[in-house]
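Colleague: I am new to this structure and would love a guided close look at one part of it. Could you pick a helix, walk me around it, and then point out a few other places to visit?

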Amino acid sequence: MARSALARQPLPLTHVLLVEDNPSDAFVVDSLMESNPQVHYKTRHVKMQSEAVHVLDEQSFDVCLLDLTLPDASGFSALIDIQEKAPDMPVLILTGTKDTTLAKRAVGRGAQDYLLKDELEITDLTRAIDYAMERKRVEKEIFQRANCDALTGLANRHIFHSRLQMALARTERSGAGIALLFIDLDRFKPINDAHGHDAGDEALKIVAQRIKTALRSYDTPARFGGDEFAVLLEGINNPRDAAIIAKKMIAVLSAPMPYHGHQLKIGASIGIAFSQEVQSGGVDMLLQNADTAMYHAKKEGGGAYRFYTESMHDETALRLTLEEDLRTALVAQELQLYYQPCVNNDGKTVTGVEALLRWQHPERGLLMANEFLAAAETARLMPRITRWMCSQLRHDIAMWNAHELPPLSIAMNLSISQLDAPDLVEGLIAIAQEDFLGYHRLAVDIHEEAIMPLSGPRFMVLAKLHEMGIGLYLDHFGCSALPLTSLCSLPFSMLKIDMSLIKSMSPEISENVLIGAAIMLAHHLGMKAGAVGVEKPWQAQTLKAHACDVMQGFFTVQPMMAEQLVEWMQNPGKQ
């Protein structure tokens, strides 16, 4: 019973494309394959190269048996055309001449092996087909490892660069344009942070599949690494056609992605560049243009596409120069900490200082943090800058203690990305322990906009700081559409009203309803209320009337360096 069941099992099926113009030779090959008791060969016989190319448009085959001498082709032209049409299909050469020179050269051009028609036997033919298919499988596996992204299966940067180079060469000959799309995912890092790298990897796989659904069958998508992707669109002369694909891509990538009961939400920023815009820079220039356009889409809020324009080039060049200058600045000690004194509501008693990052640029003068932090983030310099800030603050505290300044609370103004610095907590611990400063006199200022996309690890860092006794100040309150429920997400100890609200104040105390409401809200939530950007005495008086706890601004003094703070505090007449 078992033997009869085994006998009824179907033989392995191998699809063979036989390209042979001689009917007798074709009959011999076909007869040999039919006589094989172990494999079922299903053969499709054509007599010309043109027929073979046409058939390959309709059907895929496991192997091709090719005669190099055909009515409409000679030499290697048939081999080349068949390889272009079906690059993954192994090709065996059939030759009827004893001179195997041409057949051997064909193997050098990518054929798997060659067979002499006059010496064909069933075992030789079967073995050659099996070996050819196995070698091609191994070649494909090696190619995949070398040229494809292991996670997503898309082309990697190396092979994409090569294909883009070939596409540009074809464009020069045909005049048909190509478009390059450079894609950077929005909100990808919070997914890694909140759900782990497995979730991030799964999201990247889904992204790759969704990108392919938005493309034509002959477009080339690639993963460049991390959350960056690129797409090569050939035959694109109208920007509208590229825009249609970019819009479709943004739509499919913005749809929620299910993951273990969660709905992961990712978006995409896309930059588009065209081959017509590239003069002599070639592949590298085209990639740079698309990357530049993507950067502008990202900077404007993400979830959009932007075409490269010449005006973007100057801005990008300035940003790259700034990044390079910033690397130099870290070595040349051009970064500085300035300190903005904070006073209580009598407008005189200094209770603490806010540490503000500045850059004394050798050519552009003193730069505020908002003029270079974006460049620091794209250059991935924030961890180094954060370490420097902690080290410099320790140095300044030691100097203040040596001059016997009264105890001051110190708030470090941090960007949200600085919470990712691996040794931030250790740096703050070292500051708190500097001559027994104490955690209770140390705080961090976090911008209001930063807590809306606050991810798991960043949230945990702030929670850890609070647990240690370090204060959390919510800075720039009132400058964005922050949901009030977010105020309860972390135990903030101070709510600092943004200077835009301070500037809109009226000298009439009764007319400052928003200011009064913000201060009252802070007090009801158990926080102190602070005000930033106080420049006029009447503003200070109005804030005092509304029971604002702390004020800072030019009405007291401008931010100053550590040595200047010593002189200012030791000479009350200058205050």
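Modeller: Happy to! One term first: contact, or touching, means that heavy atoms lie within 4.5 Å. Please also keep in mind that this is a predicted model.

Let us take helix 10, which runs over residues 239-254. Helix 10 has 16 residues and reaches 22 Å from its first C-alpha to its last, close to the 22 Å expected at 1.5 Å a residue. Its buried residues are A242, A243, I245, A246, M249, I250 and L253. Looking down the axis of helix 10, you would find these buried residues within an arc of 165 degrees, so they line one face of the helix. The general background helps here: an α-helix has 3.6 residues a turn, so residues three or four places apart point the same way. Turned away from the buried side of helix 10 is a face that carries the exposed residues R240, I244 and K247.

What do the buried residues of helix 10 pack against? Their partners are helix 9 (197-213) together with strand 6 (178-186), strand 8 (228-234), strand 9 (257-259), strand 11 (267-274) and strand 12 (305-307). At the N-terminal end, helix 10 is capped by N238, with a side-chain oxygen 2.9 Å from the backbone nitrogen of R240.

From helix 10 you can step along to H260, which sits in the loop between strand 9 and strand 10 (262-264). The phi of H260 is near 50 degrees, a positive value in a residue other than glycine. As background, most residues other than glycine have a negative phi. H260 is exposed, with a relative accessible area of 70%. E404 makes a good companion to look at: its phi is near 55 degrees, again positive in a residue other than glycine. E404 is placed in the loop between helix 14 and strand 16 (409-414), and it is exposed, with a relative accessible area of 70%.

Helix 14 (residues 382-402) is also where you will find T386. Is T386 buried or exposed? Buried means under 20% relative accessible area, and T386, at 1%, therefore counts as buried. Leaving aside residues up to four places away in sequence, T386 touches Q418, A421 and L424. With Q418 there is also a polar contact of 3.0 Å between the two side chains.

Next comes I429 in helix 15 (residues 424-432). I429 counts as partly exposed, at 25% relative accessibility. Not counting residues up to four places away in sequence, I429 touches Y439 and M468. The C-alpha atoms of I429 and L442 are separated by 9.6 Å, with their positions 13 residues apart along the chain.

Let us finish with some strands. Strand 19 (residues 494-497) is covered on both faces: M494 and K496 on one side and L495 and I497 on the other are all buried. Strand 18 (residues 471-477) runs parallel to strand 19, joined by three bridges, and L474 stands opposite L495. Four bridges join strand 19 to strand 20 (residues 528-532), also parallel, where G530 is the bridge partner of K496.

Elsewhere, strand 4 (residues 91-95) and strand 5 (residues 113-116) run parallel and are joined by four bridges. T95 stands opposite L116 in strand 5. The chain gets from strand 4 to strand 5 through helix 5 (residues 101-108), and this β-α-β crossover is right-handed.

Terms used:
Residues numbered from 1 in each chain as written. Predicted model: local features only at pLDDT ≥ 70, side-chain atom pairs only at ≥ 80, totals over all residues. Heavy atoms only, no water. Helix = DSSP H or I, 4+ residues; strand = E, 2+ residues; numbered from the N terminus. Expected span 1.5 Å × (residues − 1). Buried < 20%, exposed > 50% of the residue type's maximum accessible area, 1.4 Å probe, protein only. Arc of directions from axis to C-beta. Polar contact = N/O pair within 3.5 Å; in protein donor to acceptor, adjacent residues only side chain to side chain. Pairing = 2+ DSSP bridges. Right-handed = clockwise from strand over helix to strand, strands pointing away.
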